[in-house]
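I opened this notebook page to record what I looked up, step by step. The entries begin with the chain as a whole and then turn to single residues.

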Amino acid sequence: MLERGIDALSSNAKSMLVFAYDIIIVVLTFFMSYELRLGQVYENPELMQVILNKCLIIAPVQLACFYFMGLYRAIWRFSSTPDLIRIIKGVSIGIPSSFLVLFLFQSLGGVPRSIFFIQWAMLLI
């Protein structure tokens, strides 16, 4: 039933659905990487505010990298090796780009460098 509903959507609507999913996943993996690295992040309101502020910068940068790597060109039912390579390229360029943008526009104080490696692994999974 759900499959027929998604198939009925236009390709533009499907792309927007995938884009919304990617926004959620990028933000969640950033929060989860902090949780894995530091533990009990959700109990510290100041740290949650810092993470949220960093997410406002990281999400657009990574999504732009996904777009320029061609992840939203086609919505596919079955993925192939070129699709996997595009995903790996998008994530592998998006993480260092977000690190660089955070470094240039905000200080990296309070951001463990391992967060970006953890998020890279989580986005690939």
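Before counting anything I fixed my term: a residue is buried when its relative accessible area is under 20%. With that cut-off, 31% of the 125 residues of the chain count as buried. I note here that I am working from a predicted model.

**Entry: the overall fold.** I looked up the secondary structure and found 5 helices and 0 strands in the chain, so that, in the light of how such runs are assigned, I wrote the order from the N terminus as α-α-α-α-α. Along the principal axes, the C-alpha atoms fill a box of roughly 45 × 30 × 25 Å. I then took the contacts between residues at least 6 apart in sequence, and 72% of these join residues at least 24 apart.

**Entry: surface and charge.** The chain exposes about 8000 Å², and carbon and sulfur atoms supply 69% of that area. For the charges, I compared the mean position of the 9 positive ones with that of the 7 negative ones, and the two lie 11 Å apart.

**Entry: Lys54.** Which side chain of opposite charge is nearest to Lys54? I found Glu46, at 15 Å, and noted that Lys54 is buried yet has no salt bridge. A salt bridge would need a side-chain nitrogen within 4 Å of a carboxyl oxygen. Lys54 belongs to helix H3, which covers residues 45–68. Setting aside neighbours within four places in sequence, I listed its contacts as Phe30, Leu102, Gln106, Ser107 and Val111.

**Entry: Ser33.** I next went to helix H2 (residues 11–38), where Ser33 is found. Is Ser33 buried or exposed? Ser33 counts as buried because its relative accessibility is 0%. Not counting residues up to four places away in sequence, Ser33 touches Ile115, Ile118, Gln119 and Met122.

**Entry: the cysteines.** How many disulfides does a search of the whole structure find? The search gives 0 disulfides. Cys55 is in none, and the nearest cysteine sulfur, that of Cys65, is 16 Å away. Cys65 is likewise in no disulfide, its nearest cysteine sulfur being that of Cys55. A disulfide is a pair of sulfur atoms within 2.5 Å, so a separation of 16 Å does not qualify. I also checked burial for both: Cys55 counts as buried because its relative accessibility is 6%, and Cys65 is buried with a relative accessible area of 12%.

How values were computed. Residues numbered from 1 in each chain as written. Predicted model: local features only at pLDDT ≥ 70, side-chain atom pairs only at ≥ 80, totals over all residues. Heavy atoms only, no water. Helix = DSSP H or I, 4+ residues; strand = E, 2+ residues; numbered from the N terminus. Buried < 20%, exposed > 50% of the residue type's maximum accessible area, 1.4 Å probe, protein only. Contact = heavy atoms within 4.5 Å. Areas by Shrake-Rupley, 256 points an atom, 1.4 Å probe, with all protein chains shown as cover. Lys, Arg positive; Asp, Glu negative; His and termini not counted. Charge placed at Lys NZ, Arg CZ, Asp CG, Glu CD.
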